[in-house]
Amino acid sequence: MRDYPRESDILPLKIEFMQRQNAGKFTPESSMSLREFVESVYLPYCEELRASTKKGYAEIWTNHISDRVGHIRLREFRTVDASKMLRAIAEEHDLSKTTLQHIKSVLSGIFAHAKNEGAFDGVNPVQDARIPRNAREPGETFAYNLNQIRRILDVLPLLPKAVIATASFAGLRAGDLRGLEWPDYTGDLLSVNRSIWKSVVNRPKTRASAQTVPVIRQLAEILDAYRLSMGNPATGVMFHSGGGQPMDLDKLAQRIVRPAVEAIRLEWYGWHGFRRGIASNLYELGANEKVVQRVLRHAKPHVTKERYIKAFDPAVLAAMKSMEATLDLLKTCSANVQQVN
């Protein structure tokens, strides 16, 4: 017990043991039901995934899949079972096609894992299941343009201003923002070394997500002013409200950012509106989609990440410099209008 004082210390050993036990144990003739497989094999396997991913998979299984098809034996599960399940979910809940696709993907992933564990043979029965045609289309998403971002920054106190500027001009995800520490900022680059979901610290989502992002001058000026206001720290969490713990961005939005945005007669699109904004703004300034993908640190499976990133690094810097110059122009135009008035 001295080596494993907490239950969480034993969990990885338990998962490894169960996987060794299950490997080679299953046969295509197994009478195991889908529910039995998920609860004894698949969910323990998910313990190795990111906390937010694990939680999402477990909720989809519990809320949408288990009671509808969990009783069916793995070897007897057919595509029609998945299709009927998706139709039933769509009839009972007002879910978008995107959400239904997520549910289908989780079920498909369960069967993919079952094949790898030897519990199921043959073609994945979920892959050809259809999303109901009459399911609701996903809602429209929105992005802030550079002029809207400038107006928002002008009315915010320094702390939320620094967070919004980093989201807008570096394109970081909410978890990336919460995970930033001062050594990650060099003055002209931001490194994404961790992502924080609730109280769980994760590594970046993918190798591409861990790449650096160029810092334009306007962002550097805001971050430097914010750093000075915090006592010029060299270490520690970048965005916190005084206690040193990563900031709750939802509370920051609810208490300060959203009221400020709505006070200047703009809509609140959520934190992702700023991340979408940098993509839309760079496109508008002439950056091609591969450059924008690099700035956002997205990864596509058919592109070699390392070669792709190296090839477009100079173009990324040029695109960010173009955005920097456009912000200067907007500031000058705004000052001229105020003088005329």
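What volume does the largest pocket have? In this predicted model, the figure comes out at about 840 Å³. Its lining takes in 24 residues, and those closest to the pocket centre are S52, R173, A174, G175 and W197.

Several elements share the job of walling off this space. Two or more lining residues come from each of α3 (51-69), α5 (97-116), α8 (174-179), β2 (195-197) and α10 (249-263). The top contributor is α3, which puts five residues into the lining. Two of the central residues can be placed on these elements: A174 falls at the start of α8 (174-179), and W197 sits at the end of β2 (195-197). As for chemistry, the lining splits evenly, with eight nonpolar, eight polar and eight charged residues.

Next in line is the second largest pocket, with a volume of about 400 Å³. Here 15 residues make up the lining, and R150, D154, Q218, L327 and K331 are the ones closest to the centre. At least two lining residues apiece are supplied by α6 (146-154), α7 (158-170), α9 (217-229) and α13 (305-340). Of these, α13 gives the most, with six residues. Both L327 and K331 lie within the span of α13 (305-340), while R150 and D154 belong to α6 (146-154) and Q218 to α9 (217-229). The make-up of this lining is five nonpolar, three polar and seven charged residues.

Key
Residues are numbered from 1 along each chain as its sequence is written. This is a predicted model: local features need pLDDT of at least 70, side-chain atom pairs count only at pLDDT 80 or more; totals for chains, interfaces and linings use all residues. Side-chain values use heavy atoms; hydrogens and water are left out. On a 1 Å grid over the protein atoms alone, a cavity is a set of points where a 1.4 Å probe fits but cannot get out, and a pocket is an open set with protein on both sides within 12 Å along at least five of seven lines; lining residues have an atom within 4 Å of a point. Grid points are joined across faces, edges and corners, and a volume is the space filled by probe spheres set on the points. Helices (H or I, at least four residues) and strands (E, at least two) are DSSP runs, numbered from the N terminus. Ala, Val, Leu, Ile, Met, Phe, Trp, Tyr, Cys and Pro count as nonpolar, Asp, Glu, Lys and Arg as charged, and the others, Gly among them, as polar.
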